Each structure stands twice: as C-alpha cells, then as structure tokens.
Amino acid sequence: MKLSHLAETLIGSEIIKLAAEIKEKQAKGEKIYNFTIGDFDPKVFPIPVEFEQEIITAYKEHLTNYPPADGIAELRQAVGGFIAEREGLTYDPAKEIVISCGGRPIIYATFRTIVDRGEKVVYATPSWNNNHYTHFLEAEHVVLETTPENDFMPTAAELKPLLKGATLLALCSPQNPTGTAFHKHQLEEICDLVLAENKSRGAGEKPLYVMFDQMYWVLTFGETHHYNPVSLRPEMKDYTIFIDGMSKAFAATGVRVGWALGPAHVIGKMKSILSHVGAWSPMAEQKAAARYLVQKENVDKYLQHFKGEIEERLVKIYNGFDKLKKAGHQVEAIAPQAAIYLTVKFDLVGKQTAEGTVLADQAAVTSYILNEAKLALVPFYAFGSAKNSPWYRLSVGTCVKEEIPAMFEKLQSALEKLK
C-alpha cells in the first residue's frame, strides 16, 4: 500500500537492526558485551539520588497536569542559572530558552524553524541523525566525511567550500558517535567562517545558522576542555541554537528533560512548533529538574563521581585496545576525550577465519566480532560514514567494569584465530 514520500524513503535505524540481532542472541543465553547503545544501565549509572527524590516528591504533590508548552518558568530560570554559572552564557529564560522532552524534539524543531525544502544543510559524518532530519525536510544534504587524523571532527578548511548559500550548519561537541571534541582554535576558525559568510549576505537573505549540540558538554576528561561558539565569538549568539539537557549529563535519558538556547526570534518559533507537536517534558520531571539544578553541592558531587566512573571505563578499554595493537593486531582506538564513547578500529577485511571464511567486507568483520568475540559495537556507517569504514562507536553506558578483562580475553582469542 502506498504511503507518503517521507515514509517510503526514510531509512530505518541501523542501530535498531543491530539491537534486534543482539537481543536474539541474548534470548538464546549468549553472553554479549553490548557496547552499542548510547544510554545508561540504571543499575550501573543511576540518576542522582537527590534528583530521583525530587521526582518522587513532585508526583506526591500531584504535579501531573499539562505544563506550559515552552516549559515551566521555574525550570527555564534554573537552566539559565546553571548555564550562566557553569558555561558563562547568558540567556533570557522568558524569551531565549525552551524546554522539551529531551534533545530530539528540539533538534527537529530547530530544523523545522530554520530550513525550507531544498535548502542546504551542512553536516559532517559520522554524526548522529543529521541525515535523517535533513531528509525529513527534503533539504539538500551537504555532507563532509571527516578523518581520523582530525579525530573525526570537521575543520574550517574542510567546511569553507561548503557554506556558501547554506541555511544550517549542524555541529556537535563533544560528539556522538566519536567521543571527541573541538579544540579551541578549530571552533574559533569555524565561527569566523560563519560570521564572514553571514556578513556577505544581503539584508533580505536568510542567514547561516549553527545548531550546536552540546548534550555531553559536562562529560570531558583529561586535558579536554569544552568550547562553544558564543563564548569564543560573542557575535555568534545571533546565529547559534544550543541543544542541551539532563539526559547524558545526569544519566537521565528516560527522564526526558531537554532544552534549547538561542536567539529570541528562533526560540519563539520553536516554541510554537513544539506546542503543536506536544513534545513537552512531563510536569513532575520539570519541577524536579528545576529544584535539583540549583543544588550546586549535590550536582558537583554527582558529576565528580559520575565522570570518574565513565573515564575509568574509557581508559581501561582504550588501554586494552592499545595493548592489542602493540601485540600486532589490526585494531586501534582514539584516546578518550569526552562523552561516553570510544572510537575504535577493526581493520580486518581480507582476513581469514579458522573455518576458512574470508572476511570480505566490513559487515563481515562486524558479524565476526559479534559472533566470535561476543562484542557488539556500532559501525560508523550507521552514522552516515561509508559502508567500508573500519571505525566503530563503543559506548560504556552499560559497561560493568569488572567484565572488561573477560571481554578482552574473548576479543584477543577471536583476533588470534584470524590468518
């Protein structure tokens, strides 16, 4: 039966396909080291105790009615204060902040507010879902394939020839899926490109906007520092829409509290779109978030512990891959920088299994690692990269750190069987 053009042409999620295969194996009793999902196991990474208690209290107070479509004033004020104190960004809670049920609806609303059919959207790959949102709008995909030499982050030199006439530049730092982040000079150079492009446009032309997804910005490790366009170039405030929220910063993916910050004329229209979609965060969770975000000591204590646990897992797994590489195996990893992800490489195409089967392509490599090492990862092609990319996202959100040595034993054994 014929459906809409959008429905007929929308590509399904590769991650969901992989998840179904993993679930089938687990149902048969197989032990799978599942590092595919960009989520947290609440038994390993629970939300802050104080936040949980505030949610319970809010429900006991019967805060179960509709919230305002743009978010309750108390939460918009708390978000404004949180961002001002920790990032040095000043946004008017009444006009420049909107609340939503996580990051996805506000990303959709950003695209819908800014981009018309046929207009150019510039984004790098691998990246999370920019290809799908661009497809939703029947906009023109202007895609930059990034390289491991730049930690899979786009550079100004690569973006410069792509921005002429574009309406939206989608950036993410720290980035999903790579777990890498912009260096200061990288982002400064990109901001300068955007500002120069906008100065070249006429008064009646739509400017080039930047959607800056910083959902993981509190999760940086080692020498990594989070930078944002508006702090580096204050003039960027007129053109930048921030995507942010509680989901990744507080292991609260299922609580559904997200927000956007941006110019009042953009945020105002996003509020209208979201009001029709009905994508508001639940009243009780909003009230709880408003009460929790102002608890500076509790927030600091949680983040210190939470970040330490994530970093420990990322470092241990990175060291394990480095050891395998030094032993001569065709694997690699980029040192942990941010978020909950590690970028790893399996350069095994052409290798032969113990049964004599040749790993003819990257899909065969992915299957071999899953079937033989019981290790489930997401290939970068699920994030828009080429089908033959040997790079993968490894997520530690469900990682039990005591299982890491056993995981590497299985992986080493699987690699040693290849010829």
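The legends below describe views of a predicted model.

**View 1. The whole chain, with 14 helices and 13 strands.**
The C-alpha atoms fill a box of roughly 65 × 55 × 55 Å along the principal axes. A compact globule of 419 residues would have a radius of gyration near 22 Å, and the chain, at 22 Å, agrees with this. Of the 419 residues, 55% count as buried. Among contacts between residues at least 6 apart in sequence, 74% join residues at least 24 apart.

**View 2. The surface and charged side chains of the chain.**
About 18,100 Å² of the chain is exposed, and carbon and sulfur atoms supply 52% of that area. The chain carries 46 positive and 51 negative side chains. The centres of these two sets lie 2 Å apart.

**View 3. An open sheet of 4 strands in the order β9-β10-β13-β12.**
The pairing in this sheet is antiparallel. Strands β9 (331–333) and β12 (378–379) stand at the edges; each has a single partner strand, so one side of each is left without a neighbour in the sheet. In general, strands of a sheet pair through backbone hydrogen bonds, either parallel or antiparallel.

**View 4. Strand β10 and its pairing with β9 and β13.**
β10 (residues 341–346) pairs with β13 (residues 391–395) over 5 bridges, in the antiparallel sense. Within this pair, Lys-345 of β10 has Trp-391 as its bridge partner in β13, and Leu-342 stands opposite Leu-394. β9 also runs antiparallel to β10, and 3 bridges join the two. Val-331 has Phe-346 in β10 as its bridge partner.

**View 5. The side chains of β10.**
In a regular strand the side chains alternate between the two faces of the sheet. Tyr-341, Thr-343 and Lys-345 point one way from β10, whereas Leu-342, Val-344 and Phe-346 point the other way. Residues on both sides are buried, and the strand as a whole is mostly covered, with 6 of its 6 residues buried. Lys-345, with its charged side chain, is among these buried residues.

**View 6. Glu-188 in helix α8 (residues 184–199).**
Glu-188 has a relative accessible area of 18% and is buried, because the cut-off for buried is under 20%. Leaving aside residues up to four places away in sequence, Glu-188 touches Leu-232 and Arg-233. The C-alpha atom of Glu-188 is separated by 9.8 Å from that of Ser-231, a residue 43 places apart along the chain.

Key:
Residues are numbered from 1 along each chain as its sequence is written. This is a predicted model: local features need pLDDT of at least 70, side-chain atom pairs count only at pLDDT 80 or more; totals for chains, interfaces and linings use all residues. Side-chain values use heavy atoms; hydrogens and water are left out. The radius of gyration is taken over C-alpha atoms; the globule rule is 2.2 Å times the number of residues to the power 0.38. Buried means under 20% relative accessible area, exposed over 50%, partly exposed in between (1.4 Å probe, protein chains only). Contact means heavy atoms within 4.5 Å. Accessible areas come from the Shrake-Rupley method with a 1.4 Å probe; for residues, only the protein chains shown count as cover. Lys and Arg count as positive and Asp and Glu as negative; His and the chain ends are not counted. The place of a charge is taken as NZ of Lys, CZ of Arg, CG of Asp or CD of Glu. Two strands pair if DSSP finds at least two bridges between them.
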